[in-house]
Structures are given as C-alpha cells and as structure tokens.
Amino acid sequence: MAPKFEWWAKGNNNNNNRKGTPVVVKMENPNNWSMVELESPSHDDFLLRTHEKSRNKNARQLTWVLLLKAHRAAGCLTSLGSALIALGTAVRRRIAAGRTDTEISSSSGLQKQNPAKKSKLFYSCLKVFLWLSLILLGFEIAAYFKGWHFGTSKLQLQFIFNKGFFDWVYTRWVLLRVEYLAPPLQFLANGCIVLFLVQSLDRLILCLGCFWIRFKKIKPVPKPDSISDLESGDNGAFLPMVLVQIPMCNEKEVYQQSIAAVCNLDWPKGKILIQILDDSDDPITQSLIKEEVHKWQNQGARIVYRHRVNREGYKAGNLKSAMNCSYVKDYEFVAIFDADFQPLPDFLKKTIPHFKDNEELGLVQARWSFVNKEENLLTRLQNINLAFHFEVEQQVNSVFLNFFGFNGTAGVWRIKALEDSGGWLERTTVEDMDIAVRAHLHGWKFIFLNDVECQCELPESYEAYRKQQHRWHSGPMQLFRLCLPAVIKSKISIGKKFNLIFLFFLLRKLILPFYSFTLFCIILPMTMFVPEAELPAWVVCYIPATMSFLNILPAPKSFPFIVPYLLFENTMSVTKFNAMVSGLFQLGSAYEWVVTKKSGRSSEGDLAALVEKDEKKTKHQRGVSAPETEAEKKAEKTKKKKKKKHNRIYMKELSLAFLLLTAATRSLLSAQGIHFYFLLFQGISFLLVGLDLIGEQVE
C-alpha cells in the first residue's frame, strides 16, 4: 500500500499561506559558501508598496479621464462651430430669400377681410418704438462719453449749470423723464406687476390642487358593474348607440390614419356609426377620402361620407350640418375627433361607462398625447405647455368644479346636452369653448380623464403654430363679449360666475397675454431709457423662473429646456397679445380660420402597421396588374406640382428683437446685471423666432 503524505500536503499548504523568510546564498567558489538571512519585510512595507501601486494606477486613470474629457470638449467645440456655421448659413439664406409674413398675407387673398391693415398698425407702432429707442441709445452713448454716470440715482447738479449745449439738452431730457415720463410708466409697471402676481398665485393654486389630486389619488371612476358588463360581453351591458364624427378640410396627409383608427374602435358594429365630414375644396382630396371610406365600407364598417359645397361656419357649421341628419335621433352619444387624432380601440370602452346612471354628465374629455413631441425644439416647448394644460388645468377644474373648456376633439358628448345648450354655433372661431360654456350655464357637468390618451400631432413649423395660437387666443375674446350677458343673467351660483368671468376668461385668456407682452416687451425696455421707473429683479428673474419651473413639472423630461421655454413664452406673447386685441375689438383677423398644417406622422404603435396591412390587402384584392384609381393618379401628379414650403421672416418678432437688444445695450451702460442678461437673451430669442429658426427648417 502506498504511503500517505497528507501531512506533507498540509504542511506545504501552511507554508504557502505564511510569508517565508528570504535567504541569500553567497558562493565565492564551490567549496566556500555561506547563507545570509535577510530581514523579512513588515506588514507596513507591503501596505506602502500597495498604496504606491494604487496611487500610480489612480494617477494613470485620472490622466485618461482628463484626456477623455478634453476629447469630448474638443468634439463639443467642433460641433458648436459647425452648428454656428449652419446657423449663419440659414440666416443668410433666409435674408437672401426675403420672404416675409407681411408679403405672404397680402398675397394670400386675406385682404378681403382687411386684417392686413390692422396688423400693419401694430407693426408700425413697434417700428416707432424701435426707432425711438435707437435715437435715445445714441443720445445716451454720447452723454456717457461726456461724463454722465448712469449708475447714480440722483441728478448730477454740476451739469445743470454747465453752459454746454449738449449738457443743457441732456439736463432737460433728464428733468422731462423725472417729472413727466417716469410717474405714468412706473404706475403702468406697478399695475402689470400686480396682474403678474395674481396670475402667478392662480398658477400656484392650480399646482397645489394637482398635487392634492395626486396625493389623494383622486380620479373619475365609472360604476364597477358597467365595466364588468363590457368585459364579460353581457347582453344587458351598457352599450348605447354612439355616433363618431371626424370633421376635416384638405387634410390629405392624415385622413387614412384617423379613418383607420375610428373604424377599429372596439364597439358593437350595430351600435356605432362613423361620419366623415369633409369640407375639402380640393377635388383630389375629396376623391381620396371618398375612396378610403368606400374601402372600409367594403370591409364591413358602418361609415358614411358627407361633403359640404359651402364651408360656411367652418368646423362649427360642419358639425351642425351633420347633427341635422335624420338618423342622429337614434344615437345617444357623439364622439368627435379631428383629422389627425388616432384613438385606441378601447377608447369608447374607457369613456362611455362614465355616463351610466349619471344623467347630469354632459362631456367626457380625454387627454392628448403627441407622436412628434421630440421632433424639434418647437414641438418640445409645445409639449411643456400642453402637458401643464391637461395635467394641471383640465384635471383640477374637472375634479373641483366639474367644468373646463372642451378641447374640440378626443371627447364624447351626450347628444341631449348639445341640444339643450343650443347646438353648435358659428359665431366664433372657438366653437368648442362656446358649447362648453353654454352647457355649463345649463347645469351640465364635465369629466376629464387624465389616464385616457388620444394620439395626435403638434405643429412642426412656426408658421402653423403661430396661426393656431392666433385662433386660440382671439376666439375666447370674441366669446367673452358675446356670452358675458348670458353669464350674468344665468341661474348658476355666484362662485361659478366668478370662476367663469374672472378666472376662466379675464385672468387666463386676457390678462396673461396682456401683462406678458406689456411688462416684458414694452415696459422693461422703456425703463432702460427712463431709469427713474424701475422693475425689481424678482419681477424680471425670480418669479418668472419659478413659474416656468411649475409649468414644466408635468413634463419632467423637459427640464433641460426650462430656459428656452421661459424665453419662448415671452416671445409668443406678441402673437397672443395681437390675437387677444383683435378678438376683443372685433378686428378682421379675429375671424380668420386657418386649418393647422399636418405632417402626417403616424403613431409608433400598431396603427401604422394596421394602415399598411389594409393597403396591402386592398392592393391584393385589386390584383397586381390592376390599374391605379383616378384619384391616385391625380394625387401622384399633384405631388410633383405641389407648392414648395418656405421659411419666412416675421417682421414683428424681428422689430421686438432689435428693440430688446437696443435696451440691453443701454442697460449695459448702466451696469444693470440681471436686466441686461434678460434683455440680451430675450432679444436673441425674438431674433431666432423672427428668422424662423426654431421650428421645421425647409431646405
């Protein structure tokens, strides 16, 4: 039996675990040798060596990190340089093209309603302010080099008795400012500050209300039996007759998506009817939409096509005409979707159950979501605004007041509520807000569903967004003039009257654009040339930054854009102010109805695949060698002849840009830090928007 050497293995392992004593053998010759035992290194020596190695390693890592950051910085500088070059090229191309908004409006035939003259008056006033500021800036620069110090608050008396002509003129100018210009300017500034604080308080209360809703997890919930009946398919389930309407006008980019979406709504086919309400004046678009309707009819969908020869009343007239059909009396509810909206199949199953056993409920409104919210800077900034509108304004008003403005689409109305409120009226360009206010005065309640979304598009070009905002801000002022007597005479409570008149109309529709434009675009630049009237730093910086922070909370991914958002909102104030004035005083441009241009971007989900599948199916049914329809042939021809899109120069925004930059230069002479930076960046923002560099760029 072989001997076991387990003891040797154990001993060897123990020796391996211990640190041995180093030995040096000295040999002078083979017969004379000696062993010298060296002192073994201590534990501290090992730690010291390890520390030195790690320090060297850390130093190398730090060097690599610094080199990597330097490389990234160089890359950023390179990309920044290329971006500046591209920006300069775009500016040069825009100026060389010379396409301005004034030329386009005069050549588009809108002069029949004469809005161009009203717009020119506003533009002329801005030009007067600009030229006056340039003259005053030159005067102030000359005074600066003459020795006048702008930082002192008191008048320098040594210059009053100076016999120089320039000093005498400048002294009279200073006295004129002190005695006649500064008091009314300061009074106007204080008034705007008060309005600003009131509106900021309203915004803060809305945010607190939204926080309370989230904290308490408050949301509208339909009766459990209605949901269970729908899911189980019970014969006694709440499945009323539903009418679905899609009003559209020359929207060939999106008609297929919206028709496909509503035809795939999950609702019994015998209890739903889809109306395609086409106001298109383009025969090719009419043919395309009609063919799409026929395609879905052949697939079993209950869908009808209606076309009006006369576009009287625009969208309101279109909806009113459709509601006059004899078969509408068989339906209890109507769901309305604009041409670019794509409801999910379960939309009706999430909205209709709220009406069961709730006879006072007149409207269920769903939230919008956007398929192109990250397309460019303009769409990102719009997403911030609309996220706050739905998450905060609509939800808070729904929970605490049972009233909010109907958004015109992605909502379900009880037809009885529409009829009781007088139906659709063509008296304003905001027919959705009009019917909501009249329904509220008749005692109907509204519900907003923040968790039910309907996909749609945001305007990608500044031109389309500008026209949309003009309609959205002129229409409420038209409606305010028309419905104010009815609100006062109505039988609703005093609290609801106060909310409707002061909060809904005056504060959020009139005061907001008024003080935003007047305070930051007119009064602030004027205080640079009349320094005796002052705006505190907290008005210019701190409160606007706080309000922008609150606005951006519902869209937390947009926090990097908080500064552009603040500047852009002030930039849009010129359009909103102009629209508000035109609506309030019945100017011609208040009655313009321009359909917002769509790009035809489909949703990322199953809808695009569904449309593609249907297209393949119809092509297969026709056969491979089957000729194209006449509508398709015409559409192909018109694509080649299609009008090219162009970026434009917006003269009002450019005038305000130079006005603010001129005031920033004057502020720099006075060493006013926060005012200078605000005016500088706000002026640059107006400049970028005026040159149409913020939205879609057409090569």
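Two strands count as paired here if DSSP finds at least two bridges between them. Keep that in mind while looking at this predicted model, starting with strands β7 and β8. Strand β7, residues 361-370, runs antiparallel to β8, and the two are joined over 3 bridges. That clears the cut-off of at least two bridges, so they pair. If you want a spot to zoom in on, go to Val364, whose bridge partner in β8 is Val412.

Now look at the other partner of β8. Strand β6, residues 333-336, also pairs with β8 in the antiparallel sense, this time over 4 bridges. Here Ala335 is the residue standing opposite Val412. What about the faces of β8 itself, which spans residues 411-414: are they covered or open? Both are covered. Gly411 and Trp413 are buried on one side, and Val412 and Arg414 are buried on the other.

Stay with Trp413 for a moment. The largest nonpolar core has 85 residues, and Trp413 and Val437 are the ones that touch the most other members. Strand β9, residues 445-456, supplies the largest share of this core, with 7 residues. Apart from that core lies another one of 61 residues, including Trp148, Leu507, Leu510 and Val530. Back at Trp413, leaving out residues up to four places away in sequence, its contacts include Phe333, Val334 and Ile336, along with Gly362 and Leu363. Ile435, Ala436, Ala439 and Phe446 are also among the residues Trp413 touches.

Next stop is Gln245, in strand β3, residues 242-248. Is this glutamine buried or exposed? Gln245 has a relative accessible area of 0%, so it counts as buried. What does its side chain make a polar contact with? The partner is the side chain of Gln275, at 2.9 Å. Beyond its neighbours within four places in sequence, Gln245 is in contact with Val334, Ala335, Ile336 and Phe337, among others. That list also includes Leu277, Leu319, Ala322 and Met323.

A bit further along the chain you get to helix α7, residues 255-263, which is mostly covered, with 8 of its 9 residues buried. Among the buried ones are Tyr255, Gln257, Ser258 and Ile259. In the loop between α7 and β4 sits Leu265. Because its relative accessible area is 8%, under the 20% cut-off, Leu265 is buried too. Which residues does Leu265 touch, not counting those up to four places away in sequence? They are Val244, Ile272, Pro343, Leu344, Pro345, Phe347 and Leu348. Take Phe347: it is 82 residues from Leu265 in sequence, yet their C-alpha atoms are 7.1 Å apart.

For a change of scenery, find helix α14, residues 462-489. Its 28 residues reach 41 Å from the first C-alpha to the last, close to the 40 Å expected at 1.5 Å a residue. There is a bend of about 50° at Cys483, and a proline, Pro485, follows within four residues.

Finally, zoom out to the whole chain. It has 21 helices and 9 strands. Of its 699 residues, 46% count as buried. Among contacts with a separation of 6 or more, 80% are between residues 24 or more positions apart.

Methods
Residues numbered from 1 in each chain as written. Predicted model: local features only at pLDDT ≥ 70, side-chain atom pairs only at ≥ 80, totals over all residues. Heavy atoms only, no water. Buried < 20%, exposed > 50% of the residue type's maximum accessible area, 1.4 Å probe, protein only. Core = buried A, V, L, I, M, F, W, Y, C linked by side-chain atoms within 4.5 Å. Contact = heavy atoms within 4.5 Å. Polar contact = N/O pair within 3.5 Å; in protein donor to acceptor, adjacent residues only side chain to side chain. Expected span 1.5 Å × (residues − 1). Bend = angle between axes of the 7 residues up to and from the residue.
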